[in-house]
Amino acid sequence: MTTSPDAPAVPRGLAGVVVTDTGLGDVRGREGFYHYRQYAAIELAENRSFEDVWYLMVHGDLPDRAAAADFAARTAALRTLPAEVSAALPAIARASAASGPLAGLRTALSLLGASAGFRPVYDIDAGHRREDALAACAAVPTILTALHRLGRGLEPVAPRADLPHAANYLYMLTGSEPGPEQVRAIERYLVSTVDHGFNASTFTARVVASTGADVAACLVAAVGALSGPLHGGAPSRALDTLDAIGTPDRIDGWIREQVLSGRRIMGFGHPVYRTEDPRSRMLKSIARGFGGPLVDFAVEVEAQVEAILAELKPGRELHTNVEFYAGVVMELCGLPRAMFTPTFCVARAVGWSAHILEQAEDSKIIRPAARYVGAPPPQPVPAP
């Protein structure tokens with residue numbers, strides 16, 4: 001569907017356009033605040049487990065102790081992949097060797113949905129949709145860690161039902177049971193990145209869900225959107241910035257060159273926040289808890305970037321975003337850089353699935369219009 005030239009203009013990229021109602025959360029950029037349901041997301045990250053927040057996104061409230069234990073046991077039991085998916089992972093890893101686990105996840109999720117018999121959300125009730133969503137989200141860490149290890153000539157590590165979600169993810173990734181400090185740091189990161197408004201991948205998941213497609217199809221579409229460098233991939237790129245600077249004496253010159261040439265400084269700036277990103281504030285605190293030269297260097301780079309911007313671009317607010325200190329924390333926890341964005345995907349799959357479930361309650365397909373700006377039709381069709 002197209003519109004006439006005199007139709008109302010819409011901002012590029014739909015910036016600021018409200019496309020639906022949601023009860024899942026919101027981002028208040030001018031305040032530096034975001035929430036899941038009725039709770040501040042950072043407060044949840046500081047005080048509740050990943051499984052509790054997953055339950056909140058799916059069911060709408062936080063579980064009591066009994067419900068939390070039951071939910072953790074149910075989702076842990078879903079971590080083991082169907083035999084057909086496990087058997088295909090070596091071939092998927094070989095095929096996606098140059099692209100990485102996130103590319104392989106798209107294929108594996110499609111296979112998971114087919115082998116598990118996922119049906120279109122339009123054709124099943126809310127309970128069945130929820131079960132499909134839980135199964136897919138529980139499988140994502142297993143798939144990603146297996147693809148990573150296979151890509152490096154290592155055998156996948158089977159999930160352990162006795163470990164919490166974050167600990168099991170790190171265990172499957174490394175083959176060793178992680179320490180409590182690393183587990184809690186990654187768990188807080190995962191909780192803080194479950195959802196964050198109507199970003200490109202979340203909106204993509206909802207568009208596909210509005211067609212009535214199955215949960216796996218919706219998640220594959222969301223992963224595809226996340227794979228774009230303008231959406232995902234920044235945690236490792238932010239660390240690349242620190243590597244490029246190298247030493248404290250090079251910070252001033254390197255940053256000034258970037259700013260004056262108009263190039264982007266990875267790990268800084270956000271399309272919504274006009275003040276400090278609350279996720280960055282929390283992750284900076286986690287990083288400082290670990291301490292060490294990398295943390296000291298990151299803190300110094302942050303301070304100098306803000307000072308140089310205040311001098312060269314007065315009035316322009318540019319602070320660290322979630323990716324800057326996320327990269328530092330994941331590096332300190334021993335995660336390889338190739339797994340930074342896949343780790344983000346482990347968390348965001350839960351947010352995507354919650355949006356898929358919410359969108360499935362609305363039978364209206366998302367079908368926007370476009371303004372035609374090509375040559376005026378109809379033109380005579382030339383003879384061959």
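**Figure 1. Helix α5 and the second largest pocket.** Helix α5 gives the largest share of the lining of the second largest pocket, four residues. The model shown here is predicted. The second largest pocket has a volume of about 350 Å³. Its lining has 20 residues, and the closest to the pocket centre are Ser 99, Gly 100, Leu 102, Ala 338 and Thr 341. Three elements each give two or more residues to this lining: α5 (101-115), α11 and α16. Sorted by class, the lining of the second largest pocket holds nine nonpolar, seven polar and four charged residues.

**Figure 2. The largest pocket and its lining.** The largest pocket encloses about 1400 Å³ of space. It is lined by 42 residues, with His 196, Gly 197, Phe 198, Asn 199 and Val 272 the closest to its centre. One strand, β2 (25-28), supplies at least two lining residues. So do the helices α9 (200-210), α11 (234-245), α15 (322-332) and α16 (340-360). Helix α16 gives the largest share, four residues. The lining of the largest pocket has 20 nonpolar residues, 16 polar ones and six charged ones.

**Figure 3. Glu 302 in helix α14.** Find Glu 302 in helix α14, which covers residues 293-312. Is Glu 302 buried or exposed? Its relative accessibility is 7%, so Glu 302 counts as buried; the cut-off for buried is under 20%. Now look at what Glu 302 touches beyond its neighbours within four places in sequence. Its contacts there are Phe 268, Lys 284, Thr 320, Phe 324 and Tyr 325.

**Figure 4. Helix α2, mostly covered.** Helix α2 runs over residues 50-59. Nine of its 10 residues are buried. The buried residues of α2 are Phe 50, Glu 51, Asp 52, Val 53, Trp 54, Tyr 55, Leu 56, Met 57 and Val 58. A general point helps when tracing a helix: an α-helix has 3.6 residues a turn, so residues three or four places apart point the same way. Just after α2 comes Gly 60, with a positive phi of about 100°.

**Figure 5. Pro 378, in the segment after β5.** Strand β5 covers residues 370-371, and Pro 378 is found in the segment after it. Is Pro 378 buried or exposed? Pro 378 has a relative accessible area of 80%, so it is exposed; the cut-off for exposed is over 50%. Compare its position with that of Ala 126. In sequence, Pro 378 and Ala 126 are 252 residues apart. In space, C-alpha to C-alpha, Pro 378 and Ala 126 are 47 Å apart.

**Figure 6. The whole protein, for orientation.** The protein's secondary structure comes to 16 helices and five strands. Its radius of gyration is 22 Å, close to the 21 Å that the globule rule gives for 384 residues, so the protein is as compact as a globular protein of that length. The C-alpha trace spans about 60 × 60 × 50 Å along its principal axes. Of the 384 residues, 48% are buried. What share of the contacts with a separation of 6 or more joins residues 24 or more positions apart? Such pairs account for 74% of those contacts. The protein exposes about 17700 Å². Carbon and sulfur atoms supply 54% of that area.

Terms used
Residues numbered from 1 in each chain as written. Predicted model: local features only at pLDDT ≥ 70, side-chain atom pairs only at ≥ 80, totals over all residues. Heavy atoms only, no water. 1 Å grid on protein atoms, 1.4 Å probe; cavity = no way out; pocket = protein on both sides within 12 Å on 5 of 7 lines; lining within 4 Å. Points joined across faces, edges and corners; volume = space filled by probe spheres on them. Nonpolar A, V, L, I, M, F, W, Y, C, P; charged D, E, K, R; others polar. Buried < 20%, exposed > 50% of the residue type's maximum accessible area, 1.4 Å probe, protein only. Contact = heavy atoms within 4.5 Å. Rg over C-alpha atoms; globule rule 2.2 N^0.38 Å. Areas by Shrake-Rupley, 256 points an atom, 1.4 Å probe, with all protein chains shown as cover.
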